[in-house]
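Work through the exercises below with the sequence and the model open. Each task is followed by a solution in steps.

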Amino acid sequence: MIPSNITATKTAELNHLSLLNPSDLEGSSYGDLRQRLLDKKAKIGVVGLGYVGLPLSMAFASKGYHVIGFDNNPQKVELLNQGKSYIQDVPTPEVTKNLEAKRFEAYPNFSKIKDCDVIVICVPTPLSKTKDPDMSYILQALEKVEASMRVGQLVILESTTYPGTTREVMLPQLEGAGKRILGRNFVVGKDFYLAFSPERVDPGNAKYNVYNTPKVVGGVTPQCGELASIFYSNVMDKVVQVSSPESAEMVKLLENTFRCVNIALVNEVAIMCEKLQVDCWEVIEAASTKPFGFMPFFPGPGLGGHCIPIDPTYLSWKLRSLNYTARFIDLANSINSSMPSFCVEKINQALNKQSKAINGSKILILGVAYKKDIDDLRESPALDVIHLLKGKGANVDYFDPYIPAIDWDHLEMSSIELSPAKISQYDLVVITTDHSNVDYASVVKNARLVVDSRNALRDYKEDKIVKL
Ligand SMILES: NC(=O)c1ccc[n+]([C@@H]2O[C@H](COP(=O)([O-])OP(=O)(O)OC[C@H]3O[C@@H](n4cnc5c(N)ncnc54)[C@H](O)[C@@H]3O)[C@@H](O)[C@H]2O)c1
């Protein structure tokens, strides 16, 4: 029987295999793996133990599975094998508990891939310098997985990528493993199984986690989709099976393009409101009272993180190869990437009103993480704001309770200690990230001038506060 927490879209065929006589499946690699998944005896390999791979490993280990982690960063592997976490959302005691219970182990090499029934790949998919998809991490991981594969394994890609990656990049490489083992190419759906399942983790989100965020799955064959669905249904509350890996890949890109475009829209609303001399935050708050047909998004100093600024570009890149221009994505990227400059212009205007210039001013950046309450600096717009201000001759310091030091993108800085006396030394404070654990009352009281790009000071009405 198919577990009851798996649902399928109308086009995904969910039940055809469960209608087969169980004896037809016995002894086949499909039947064996399916039974191991249903019996929760499958051994799981996770490749890439970062923001996505480590929480996933802990989720399965904490439910009693034996998880083997693989990461080519030996320092991370060493920390994990000492029972220590380096990811904010994964508490160290969880790693220690799973390590001591022998449910989790980590390696920098891939020889134990052959021991795994399921292999989940969670490596980075950044952009290259020329803003094209950088597939090198997936390719390196694939090569190593292929070299240690055996018959009957299920491989799932979770890294965000362009539609077609699973079938066009993963499939041929993994089929090739058959030559070494069987003297012929592996047949997908018979000798091994392949699926795509986008990760939807939202770091720092206290409500939605790896367990209660529905998991979308698309297999290369119906067998692949069904096995991957059963695998996740053992741990996740709800699994949604779609008909193909391309659909699953596109689901993730739709979700993140939706955010990217809507953030761009509201960023442009902020630019328009400035020209109209209207408070955009008040407009968004009032529009949000409409109980249908509206969903609030908020402007800011720019997009950040490993997903929203990058993933839509994977989609537009793929569409370019099909002679189509993804106009919404291009426009959204153009607006969102102009926001650090818009923020700096606000700073310029605020200082100008006090007969000061950016050049020579002492400016404190409050918050450099790409969003509130997390310790992730990747693609953070605060870094762009710092670069722009420094380029205009400002003396810039920063404070971030989650990021003690920056060594990134030609910037080497350390967070200052935030105190009333320190705050009062700056000509201007810019709130670039609205962390919850900052004493904003003290900021308002002691700062000479504040540019608030996140509406963190919504409860304060002082002339010295300039909103985005
Ligand atoms: N971070 C998020 O919030 C998030 C959310 C959804 C999806 N994603 C996607 O998930 C994927 C992983 O993102 P992440 O944030 O976990 O990245 P990360 O950089 O935190 O972790 C990736 C890990 O993979 C390791 N690695 C790199 N190449 C490897 C290789 N060849 N073999 C073994 N290990 C290797 C790195 O050392 C690192 O520990 C990306 O495609 C990302 O777009 C991320």
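Helices (H or I, at least four residues) and strands (E, at least two) are DSSP runs, numbered from the N terminus. The model is predicted: local features need pLDDT of at least 70, side-chain atom pairs count only at pLDDT 80 or more, and totals for chains, interfaces and linings use all residues. Residues are numbered from 1 along each chain as its sequence is written.

**Exercise 1.** Describe the shell around the ligand.

Solution. A residue is near the ligand if its C-beta atom, placed from the backbone, lies within 6 Å of it. Of the 27 residues around the ligand, those that come nearest are Gly48, Gly50, Tyr51, Val52 and Ser159. Next, find the element with the largest share: helix α6 (residues 136-147) supplies three residues. Last, sort the shell by type, taking Ala, Val, Leu, Ile, Met, Phe, Trp, Tyr, Cys and Pro as nonpolar, Asp, Glu, Lys and Arg as charged, and the others, Gly among them, as polar. The shell then has 13 nonpolar, 10 polar and four charged residues.

**Exercise 2.** Locate the largest nonpolar core relative to the domains.

Solution. Start with the domain assignment, which is automatic or from a database: domain 1 covers 6-243 and domain 2 covers 259-467. Their C-alpha centres are 36 Å apart. A residue is buried if 20 or more other C-beta atoms lie within 10 Å of its own, exposed if 12 or fewer, and partly exposed in between, with C-beta atoms placed from the backbone. A nonpolar core is a set of buried Ala, Val, Leu, Ile, Met, Phe, Trp, Tyr and Cys residues joined through C-beta atoms within 7 Å. Of the 133 residues in the largest core, Ile365 and Val429 touch the most other members. Helix α10 (residues 245-276) gives the most to this core, 10 residues. Both domain 1 and domain 2 contribute residues, so the core lies between them.

**Exercise 3.** Is aspartate 279 buried, exposed or partly exposed, and what does this residue touch?

Solution. Aspartate 279 is in the loop between α10 and α11 (280-287). Aspartate 279 is partly exposed, because 14 other C-beta atoms lie within 10 Å. Contact means C-beta atoms, placed from the backbone, within 7 Å. Leaving aside neighbours within four places in sequence, aspartate 279 is in contact with Cys273 and Lys467. Aspartate 279 and lysine 467 are 188 residues apart in sequence, yet 8.2 Å apart in space, C-alpha to C-alpha.

Technical notes:
Two residues are in contact if their C-beta atoms, placed from the backbone, lie within 7 Å.
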